[in-house]
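Biologist: I would like a close look at a single part of this protein, explained slowly enough for a first-year student. Could you take the salt bridges as your subject and walk me through them?

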Amino acid sequence: MSDPFVVIGGDAAGMSAASKAKREDSERDVIVFEKGEWVSYAACGMPYYVKGDVEDLEDLVAMTAETFRDERDIDLRTGHEVVEIDPEREVVVVEADGDTFEQPYGHLLVAVGARAIEPPFDRLGLEGVFTIHDMDEADAIERYVREHDLETAAIVGGGYVGIEMAEALSAHGLAVDLYEMLPHVLQPFGEAVADVVGDHLREQSVTLNLDTAVSGFSGDDRVERVHLEDADEPADVAIVGVGVAPNVELAADAGVEVGETGAIAVDEYGRTNVENVYAAGDCAEARHVVTGEPDHVPLALTANRAGRAIGETVTGSPTPVGGIAGTAIVKAFDLGAARTGLLDEERACEAGFDPVSVTITAATRAHYYPGGADLTVTLVADREDGTLLGGSVVGREGAKRIDTVATALEAGMTVTDLQNADLAYAPPFSPVWDPILTAAKVLGGKLE
């Protein structure tokens, strides 16, 4: 074929796009270049592999390379790294097995993901110091913990990775110290969630070191200590999880615009400023449904959905990639915490809103039905017109209720709209007034 659909990157966005394009146009050549050996894997499951909840690393693979090749007729080439995009000639330059060759494209998708941020710590490369952003890293951590006699663990960063890895390493009997340079963990989730999760982590014997910056590590053959501003503490293993950075260099070198967020700028169909070049997944921006502005929130559903939409678009059915609300959920030992939309007052003000918020705690089931638990709900709205801006929840059950708030954000609902939503009720599942409805009712009263 003269116009193959070429995809750079073989994970969520890339393989979703390739699969959808092949389904829509079975005669078109679809070629995927993946520089590693793993494709279509669940990065979100890696902490649970380290913990032992997932028995085999291969269990995290949603679909093998052989399945894509044999059953979906996709030309998937692992161990192939695209090192250059030439948009004028519409070719990519590929390196594999010591050779270099060119591959023409009709449409090109850049889905190269993001990488773990590596701060300028002293001796970051010391044995026993890890980031965790791909399958090989997860495998290396699991083997290191299993093969060495460890007692202490240092986790740098109190975000998703830090919280999940604290649980994973605690399950191996390690004494866990978590270091966070901000005043609380899970910063994007807001203080209400952070306070509940922080207290629970302490109950689980995780030592929280907040407002604490790490400067590096030390040890002879492998890591032995973590260095702070005015002290150092023991650490037989260390996990650095301070965020990710989108991989934009390949695209930027080809003239593709990078947005203010630092990720690749795209329109509503995932198109870049370069003709016939698209971007999706953790390397690309998306439109925030509340602010209407580009944002970068690298999460799995965003990548899968955008890739699928681009697969339709390049085969003749233009399909928007959809907006995002930054909806996220994390397990913290026995708690679930979730968030969506705008929670930070300063950011809401910068976006032109006058934010008003409430935080309530309510039962997840009827008071007389066993098994319920308290759920803390925060809702934020605009004072002027009552438009819902965001929300968070935290508790031992019911964290998936955040989906109700996310749906309300997507629909542009007001607090009154949400309060009047006809949510299901039965004693084993909810009180008559679901905690989300109760929070909306209280917030509505505050607005009035």
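Modeller: Let us start with Lys51, which counts as partly exposed because its relative accessibility is 22%, a value that lies between the limit of under 20% for buried residues and that of over 50% for exposed ones. Please keep in mind throughout that this is a predicted model. The side chain of Lys51 meets that of Asp53 in a salt bridge, with 3.4 Å from N to O. Asp53, for its part, counts as exposed, because its relative accessibility is 52% and the exposed class begins over 50%.

A second pair can be found within a helix. Arg202 forms a salt bridge with Asp199, and the closest N and O atoms of the two are 3.3 Å apart. Both residues belong to helix α6, which covers residues 191–203, and they are three residues apart, or about one turn of the helix. Arg202 has a relative accessible area of 42% and is therefore partly exposed, while Asp199, at 44% relative accessibility, also counts as partly exposed.

The third pair brings together the side chains of Asp434 and Arg401, whose salt bridge has an N to O distance of 2.7 Å. This pair links distant parts of the chain, since Asp434 and Arg401 are 33 residues apart. Asp434 sits in the loop between α11 (415–419) and α12 (435–447), whereas Arg401 sits in the loop between β25 (388–395) and α10 (402–410). Asp434 is buried, with a relative accessible area of 7%, and Arg401, at 14% relative accessibility, counts as buried too, because the buried class takes in values under 20%.

Some salt bridges share partners, and in this way Lys51, Asp53, Glu167 and Lys331 are joined into one network. The pair with which we began, Lys51 and Asp53, thus belongs to this network. Across the whole structure, a search finds 23 salt bridges, among them the three pairs described here, namely Asp53 with Lys51, Arg202 with Asp199, and Asp434 with Arg401.

Key: Residues numbered from 1 in each chain as written. Predicted model: local features only at pLDDT ≥ 70, side-chain atom pairs only at ≥ 80, totals over all residues. Heavy atoms only, no water. Salt bridge = Lys/Arg side-chain N within 4 Å of Asp/Glu carboxyl O. Buried < 20%, exposed > 50% of the residue type's maximum accessible area, 1.4 Å probe, protein only. Helix = DSSP H or I, 4+ residues; strand = E, 2+ residues; numbered from the N terminus.
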